[in-house]
Amino acid sequence: MSDAVEAMDATFARDVVRGLSQPHKSIPARYFYDLRGSALFEQITCLPEYYPTRTELALLRLHAPDLGRLAGDSRTVVEFGAGSATKTPVLLDAVKAETFVAIDISGEFLVQALDELAGARPGLRVVPVQGDFTQPLTLPPLPRPLIGFFSGSTIGNFGHLTAVNLLRSFRETLGEGALLVIGIDTRKNPHLLEAAYDDAAGVTGEFNLNMLGRINRELGGTIPVDAFEHRAVWHDGYGRIEMHLVATRDLSFDAAGQRFAMAAGETIHTENSYKYTLAEARVMARASGWEPLAYWTDPEELFGLHVWTAASEAGQP
Ligand code: AVI
């Protein structure tokens, strides 16, 4: 086992033990994405109830000419995170990108995804950067100004303070004159939201339950996965969808070398997905060193595509 894999296992074990030892049990959502979890997430993005992916893609296509105009002479796109085989090419074409920088923690993923992109665009210079995009990064020398891309409303999976810190860190990484193209899911009818996170085919349930399967596979767990149910609830006060795993009976299990017990009805909180009004999204932009430049939504206002520009202190009294 490589040192990196061992360190990852140790972090996973520590986070699971910490999360399951709290009075309200939780496990960080980032642990959804093992190989099986990533494949299930891909399936989720195609579900009829899960509107974000297709709506954001349609907005990118519809506003490609506007994106091209706003980008001006910027020809370098920097994508934060795993990226999307369907959305990324639309932005690259819209701004006539000459250089594409993809930042992801998983080197393996990067190489595979970038090979595909580069294959289809022989003129594009592709620069993989393996790193943790939640921290400011020093990028290699690049033609500037840069266009950041953060799609899928991934920002919604972070709490407000963490989200602002993350966006501030993007601002620092991208530098003066940068643009950020960011997809942010909107607040809407709770029935639509709950259906999107609890689909009829049960794929989101499988995605959620896979977290327990992963603990069993990777951390020597004995969790009776069949004794858990998926639950997705909208919390209006917090402005977020919460995903939980509910114990359907009293049970106990081992995980990462520790014993845990749960009473029937007790839950493990696995994900928050925050939704933002336009006004809230703009406050978030300004709180993190960005100035809102453009905003597009679909006729039903299911999803928001925002373009922000790096705010400058120049000219401030
Ligand atoms: C990755 N992220 C933006 C998704 C979301 O909508 O919060 C994850 C997801 N969870 C359940 N369905 C999709």
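**View 1. Arg36 and its partner in a distant part of the chain.** Arg36 counts as partly exposed, at 40% relative accessibility. The model shown here is predicted. Arg36 pairs with Glu206 in a salt bridge, and their closest N and O atoms lie 3.1 Å apart. This pair links distant parts of the chain, 170 residues apart. Arg36 sits in helix 2 (residues 35–44), Glu206 in helix 9 (residues 203–218). Glu206 is also partly exposed, with a relative accessible area of 36%.

**View 2. A salt bridge within helix 9, between Glu218 and Arg214.** The closest N and O atoms of Glu218 and Arg214 are 3.0 Å apart. The two residues are four positions apart in helix 9, so about one helical turn separates them. Glu218 is partly exposed, with a relative accessible area of 33%. Arg214 is buried, at 6%.

**View 3. A network of Arg14, Asp15 and Arg30.** Salt bridges with shared partners join these three residues. In one of the pairs, the side chains of Asp15 and Arg14 meet at 3.0 Å, N to O. Asp15 is buried, with a relative accessible area of 7%. Arg14 is partly exposed, at 43% relative accessibility.

**View 4. The salt bridges of the whole model.** The structure holds 17 salt bridges. Among them are Arg36 with Glu206, Glu218 with Arg214, and Asp15 with Arg14. Side chains of opposite charge can pair when their charged atoms come close.

How values were computed. Residues numbered from 1 in each chain as written. Predicted model: local features only at pLDDT ≥ 70, side-chain atom pairs only at ≥ 80, totals over all residues. Heavy atoms only, no water. Salt bridge = Lys/Arg side-chain N within 4 Å of Asp/Glu carboxyl O. Buried < 20%, exposed > 50% of the residue type's maximum accessible area, 1.4 Å probe, protein only.
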